[in-house]
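Hi there,

Here is the structure I promised to send over. Have a look at it first, and my notes follow underneath.

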Amino acid sequence: MTGPLDASSMVVASYDDALVRDGEMLALVGSEVVLLSELASALVSYARSGASVASLADSLVADFGAPPEADPIALVSDLVRELLDHGVLRAA
């Protein structure tokens, strides 16, 4: 995805295979294995059928609580960008 992410940007999970254990995920993307934290794993799960950055932020806040003194949309946008860069998500 080129350009900035905003609350309405849509993404969908995109990996070849995954193993989930204790909330963390090992995602296989081509020949790369990516270890995802519990938070990132939840985000990828929420994006399985496609989701906006705003809906992902809402789901994460509901499950993990609001980040102290930070904008959830901005933090989720950063995480989405990282997951896009690793190929675990793709633009929808």
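Please keep in mind that this is a predicted model. I started with Leu79 and worked outwards from there.

Leu79 sits in helix H3. Its relative accessibility is 18%, and because the cut-off for buried is under 20%, Leu79 counts as buried. Setting aside neighbours within four places in sequence, Leu79 is in contact with Leu39, Ala40 and Leu43. Another residue to look at from here is Val53: its C-alpha atom is 9.9 Å from that of Leu79, with the two positions 26 residues apart along the chain.

Those contacts of Leu79 lead to the packing of the helices. The axes of helix H1 (residues 38-46) and helix H3 (residues 72-85) come within 11 Å and cross at roughly 80°, so H1 is roughly perpendicular to H3. On the H1 side, the contact is made by Leu39, Ala40, Leu43 and Val44; on the H3 side, the residues are Val76, Leu79, Val80 and Leu83.

H1 has a run of buried residues: Ala40, Ser41, Ala42, Leu43 and Val44. What covers them? The cover includes two helices, H2 (53-64) and H3, and also strands S1 (10-13), S3, S4 and S6 (89-91).

H3 also packs against H2. Here the axes come within 9 Å and cross at roughly 110°, which means that H2 is roughly perpendicular to H3 as well. H2 brings Val53, Ala54, Leu56, Ala57, Leu60 and Val61 to this contact, while H3 brings Pro72, Ile73, Val76, Ser77 and Val80. If you compare the residue lists, Val76 and Val80 of H3 appear in the contact with H1 and again in the contact with H2.

The loop between H2 and H3 holds two residues that I would like to point out, Pro68 and Glu69. Pro68 is exposed, with a relative accessible area of 70%. From Pro68 to Ala54, C-alpha to C-alpha, the distance is 18 Å, for a separation of 14 residues in sequence. Glu69 has a relative accessibility of 86% and therefore counts as exposed. What caught my eye at Glu69 is the backbone: phi is near 55°, a positive value in a residue other than glycine. As a reminder, most residues other than glycine have a negative phi.

Asp22 has a positive phi too, near 55°. Where is Asp22? Its place is in the loop between strand S2 (17-21) and S3. With a relative accessible area of 71%, Asp22 is exposed.

Asp22 also takes part in a salt bridge, and its partner is Arg21. The closest N and O atoms of the pair are 3.9 Å apart. The cut-off for a salt bridge is within 4 Å, so this pair is included. How many salt bridges does the structure hold? The count is one. Both Arg21 and Asp22 are exposed.

On the surface there is a nonpolar patch as well. Leu19, Leu26, Leu28, Val33 and Leu35 form the patch, and together they have about 460 Å² of accessible area. Strand S3 (24-29) and strand S4 (32-36) each supply at least two of the patch residues. Leu26 belongs to strand S3, and at 37% relative accessibility Leu26 counts as partly exposed. S3 and S4 thus turn up twice in these notes: they supply residues of the patch, and they are among the elements that cover the buried residues of H1.

One last spot is Gly50, in the loop between H1 and strand S5 (51-52). Is Gly50 buried, exposed or partly exposed? At 28% relative accessibility, Gly50 counts as partly exposed. Leaving out residues up to four places away in sequence, Gly50 touches Met10, Val11 and Val12. The C-alpha atoms of Gly50 and Val12 are 4.1 Å apart in space, although the two residues are 38 apart in sequence.

That is what I have for now. I hope you enjoy looking through it!

Warm wishes

Terms used. Residues numbered from 1 in each chain as written. Predicted model: local features only at pLDDT ≥ 70, side-chain atom pairs only at ≥ 80, totals over all residues. Heavy atoms only, no water. Patch = residues over 30% accessible without salt bridge, like charges linked within 9 Å, V, L, I, M, F, W, Y side chains within 5 Å. Areas by Shrake-Rupley, 256 points an atom, 1.4 Å probe, with all protein chains shown as cover. Salt bridge = Lys/Arg side-chain N within 4 Å of Asp/Glu carboxyl O. Helix = DSSP H or I, 4+ residues; strand = E, 2+ residues; numbered from the N terminus. Buried < 20%, exposed > 50% of the residue type's maximum accessible area, 1.4 Å probe, protein only. Axes fitted to C-alpha atoms, helices over the stretch in contact; angles between N-to-C directions. Parallel < 35°, antiparallel > 145°, perpendicular 65-115°, else oblique. Contact = heavy atoms within 4.5 Å.
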